[in-house]
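Subject: Structure handover

Hello,

Here is the structure I said I would pass on. Please open it first; my notes on what was found follow below.

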Amino acid sequence: DEGEDDDGQVTVQFNTRDPDTSPKAANDGDSITTFTATKTTSAVLDVASYEINSSVGSGEDDVATLNLNALSVDSFALYTAPDDSDIQDAEDISEIESLKQDDRFSAASTLASGDYLYHELEVSGLSGMAASAEQGTDQGTVEEMLSNSTFALDLSIVETDESADANTDNKELLNTTSSGGNVVGDLLDGDGHVIVDGDNDTYYIGFPIDIGTVSNTSVADDDEFDVTVQLTENSQSLVDENVSVSQTFSVEERSVEFDTTLADDDSEIVEVEPGAGQAVTGTTNLAPGSEIDVRARATGDTPFLLSQTVETNGDRSFDAEFDFSDQPVGLEFEVTVDGPKSTGETVDAVIVDSAATETPEPTEEPEQTETPEETAEPTATATEEPTATETPGQPGFGIVLAVLAILRNALLARRRD
């Protein structure tokens, strides 16, 4: 131990895939002056338990057990990212994680033509293979791992059966399992971006995919591909059987769609007001973090040209702001996406007065009318019954009795006659 800590301990790295390789000190500042390893094979060590011991001079110093486990694919994911030097210059995993936080490196199953396709692969135990395949650069190391059959690691990008045309072979962008397939160098040379992080068993392999010819294969709009990573069982690998994982992605032509309003003639238009901070928004299938140039252009008697470069958001939307303070209400113009990411999308636009927003008219209150006062019900008055009065000169007889008496007397007189 020659390190600054002077603790008398050294951590030794030993490549179980390549036992003939001399071990080395794991920590900077430590070194091994003399090391002798006694082993019975120069081949890749099998999955098993091994006794190990360390000795100083003729005496055994310590004994331990080394357990070797099979390789395992812990995760496999596809990401998309724009063609951006800031991204393609990233050299370690921490930079990729930062890009993810900034929505410039996004998981996706759809890729716009010209964007980068990244494969994020986490495989436990692959660091020994990477060390054995070391070529001086991460890209060279991965190319060696994928192209050399002794490493038993394969990557294929093959068109799905649902996407392939009838009576035609499935398109192959890459197939390292086939001797006649495209080699990984065809995809990585020139524009490839590879990051190897053996300490964390994480690997990034990225390259752009365009509509047109990719790796000697014609790619069309809406083509769909299966991406498969496979660890193959052979004498040079640490898997008991073939292990594979797959993901699917599709390729689309670049597209941009502006957020519009339905005009009176049923056409789609962009409406802005004659002021500052006017937003022109929309959506796109370009990778989040892509730079696009949004342009507003008017011709005729009141010409103007305004342009703003914006980045697409994490949800693939975009928003540009313009100042139309000097422009008159009713002026018509066009908005479009210009520059390298141009899609040819152009939409009519118009400057409208803020009062053009329909405001509901107030509802008139009904006029109040006087409520007629209730007429008091007439009070019922009692009608007095007439009181019979006695007729003077007829003591003891009423009028009726007097008449009856007269009639009686007449009948009597008649009977006498």
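One caution before the details: this is a predicted model.

I start with the strands. Threonine 110 has serine 250 of β16 opposite it. That pair belongs to the pairing of β7 (residues 110–112) with β16 (residues 243–252), which is parallel and has 3 bridges. Strand β16 also pairs with β15 (residues 224–231), here in the antiparallel sense and through 8 bridges. In this second pairing, leucine 231 has valine 243 of β16 as its bridge partner.

Next, helix α2, which spans residues 93–101. Which of its residues are buried? They are Ile93, Ile96, Leu99 and Lys100. These four lie on the same side of α2, because the arc they cover around the axis is only 115°. As a general point, an α-helix has 3.6 residues a turn, so residues three or four places apart point the same way. The cover over the buried residues of α2 includes the strands β5 (72–81), β8 (116–124), β11 (193–197) and β12 (202–208), together with helix α1 (85–88). Just past the end of α2, aspartate 103 has a positive phi, at about 60°.

Then the empty space. How many cavities of 30 Å³ or more does a search of the whole structure find? The search finds 1. The volume of the largest cavity is about 100 Å³. Its lining includes His119 and Leu121, as well as Met145, Asp154, Tyr203 and Val229. At least two lining residues come from each of β8, α4 (138–147), β9 (153–159) and β12. By class, the lining of this cavity has 10 nonpolar residues, 1 polar and 1 charged. Strands β8 and β12 therefore turn up twice in these notes: they are among the elements that cover the buried residues of α2, and each supplies at least two residues to the lining of the largest cavity.

Last, a pocket. The second largest pocket has a volume of about 180 Å³. Among the residues that line the second largest pocket are Gln88, Glu91, Tyr116, Asp138, Gln139, Asp191 and His193. Two elements, α4 and β11, give two or more residues to that lining. The lining of the second largest pocket divides into 3 nonpolar, 5 polar and 3 charged residues. Helix α4 thus contributes to the lining of the largest cavity and to that of the second largest pocket.

Regards

Note on methods. Residues are numbered from 1 along each chain as its sequence is written. This is a predicted model: local features need pLDDT of at least 70, side-chain atom pairs count only at pLDDT 80 or more; totals for chains, interfaces and linings use all residues. Side-chain values use heavy atoms; hydrogens and water are left out. Two strands pair if DSSP finds at least two bridges between them. Buried means under 20% relative accessible area, exposed over 50%, partly exposed in between (1.4 Å probe, protein chains only). The arc is that of the directions from the helix axis to the C-beta atoms. Contact means heavy atoms within 4.5 Å. On a 1 Å grid over the protein atoms alone, a cavity is a set of points where a 1.4 Å probe fits but cannot get out, and a pocket is an open set with protein on both sides within 12 Å along at least five of seven lines; lining residues have an atom within 4 Å of a point. Grid points are joined across faces, edges and corners, and a volume is the space filled by probe spheres set on the points. Ala, Val, Leu, Ile, Met, Phe, Trp, Tyr, Cys and Pro count as nonpolar, Asp, Glu, Lys and Arg as charged, and the others, Gly among them, as polar.
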